[in-house]
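Here is a short tour of a protein model, written for someone new to reading structures. Have the picture at hand as you go.

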Amino acid sequence: MDVSKSPAKIAGMFDAIAGNYDLLNHLLSAGIDRRWRKQAVRSLRLTGTERVLDLCTGTGDLAIAAGTASPGAARVLGVDFAGAMLRIGLDKLRSARLTERIALVRGDATQIPLPDTSVDAVTIGFGIRNVEDTEAACREIHRVLTAGGRLAILEFSVPTFPIVRTAYAFYFNRVLPGIGRLISRHNAAYGYLPASVGAFATPQEFVTLLQKVGFVSVQARPLTFGIVYLYVAQRSR
Ligand SMILES: C[S@@+](CC[C@H](N)C(=O)[O-])C[C@H]1O[C@@H](n2cnc3c(N)ncnc32)[C@H](O)[C@@H]1O
């Protein structure tokens, strides 16, 4: 399986599956994805005044979770380079009357279209694995965060506990690509998902990368038997 991540390939793939993305997300995770996003937002310890940047926002679910939490963010900006994903996100914001608090713009996580120290918190949900230059994105996040600003990243991982690992491998490699293909009618995307998870940094490697670009208080918290990790970190004061 090709796990190359050129921006054109990744944006094209997400544009192609955008129409079914939310349905498949909730279906394939049995709805647990909502709980993971809530946990990520809770880790930011928002007070109602913060400006939050949600990178790789896709159809905006994590941006919406940050904007509607109580207390939540004062303003959220979602950034993604897949236009079709953003259009679906915008429809959701309009129907939920959230466009005053949450905005979506097209942009690349490795060249964030914001000035230095302009946001209080950054989130990424299941996006960092897809970014071609992970380190460049982490450096950009560090640049746009204010001193003491918080980061919360959700990403899939390969569980290490043997029984969970076997069940996970069966589900991720055999069940999920088939259902994904059937519903999205996209051959490669749901085969790319397990392959890209396997090729991504281990939790320890990713923690080391966040520390290398300057983050402090970096933690990798396993969620749901380590299928997903919540990475939390802060820009030093
Ligand atoms: C799996 S989706 C996640 C969407 C959403 N955050 C969620 O929690 O469901 C990954 C998203 O990352 C975006 N993406 C990947 N690399 C990116 C980059 N370098 N810059 C901006 N967006 C990127 C893709 O276009 C896609 O919409």
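Sorted by class, the shell around the ligand in this predicted model looks like this:

| Class | Residues in the shell |
|---|---|
| Nonpolar | 12 residues |
| Polar | 7 residues |
| Charged | 3 residues |

In total, 22 residues surround the ligand, and the closest are C56, G58, A82, A109 and G125. Two elements, α1 (7-28) and α3 (61-68), give two or more residues to this shell. The biggest contributor is α1, with 5 residues.

Now turn to the protein's interior. The largest nonpolar core has 50 residues, and L53, A66, V122 and L151 have the most contacts inside it. Strand β5 (residues 145-156) supplies the largest share of this core, 6 residues. Try finding L53 in the picture: leaving aside residues up to four places away in sequence, L53 touches L77, V79, L114, V119, V122 and V144. Apart from this core lies another, of 11 residues, including A18, L24, L86 and L104.

L86 also belongs to the buried residues of helix α4, which are M85, L86, G89 and L93. Why do these buried residues line one face of the helix? Seen down the axis of α4, they fall within an arc of 95 degrees, so they share one face. As a general rule, an α-helix has 3.6 residues a turn, so residues three or four places apart point the same way. The cover over the buried residues of α4 includes α1, β2 (75-80) and β3 (102-106). On the face turned away from the buried side of α4, you will find the exposed residues G83, D91, R94 and S95.

Key. Residues are numbered from 1 along each chain as its sequence is written. This is a predicted model: local features need pLDDT of at least 70, side-chain atom pairs count only at pLDDT 80 or more; totals for chains, interfaces and linings use all residues. A nonpolar core is a set of buried Ala, Val, Leu, Ile, Met, Phe, Trp, Tyr and Cys residues joined through C-beta atoms within 7 Å. A residue is buried if 20 or more other C-beta atoms lie within 10 Å of its own, exposed if 12 or fewer, and partly exposed in between; C-beta atoms are placed from the backbone. Helices (H or I, at least four residues) and strands (E, at least two) are DSSP runs, numbered from the N terminus. Two residues are in contact if their C-beta atoms, placed from the backbone, lie within 7 Å. A residue is near a molecule or strand if its C-beta atom, placed from the backbone, lies within 6 Å of it. Ala, Val, Leu, Ile, Met, Phe, Trp, Tyr, Cys and Pro count as nonpolar, Asp, Glu, Lys and Arg as charged, and the others, Gly among them, as polar. The arc is that of the directions from the helix axis to the C-beta atoms.
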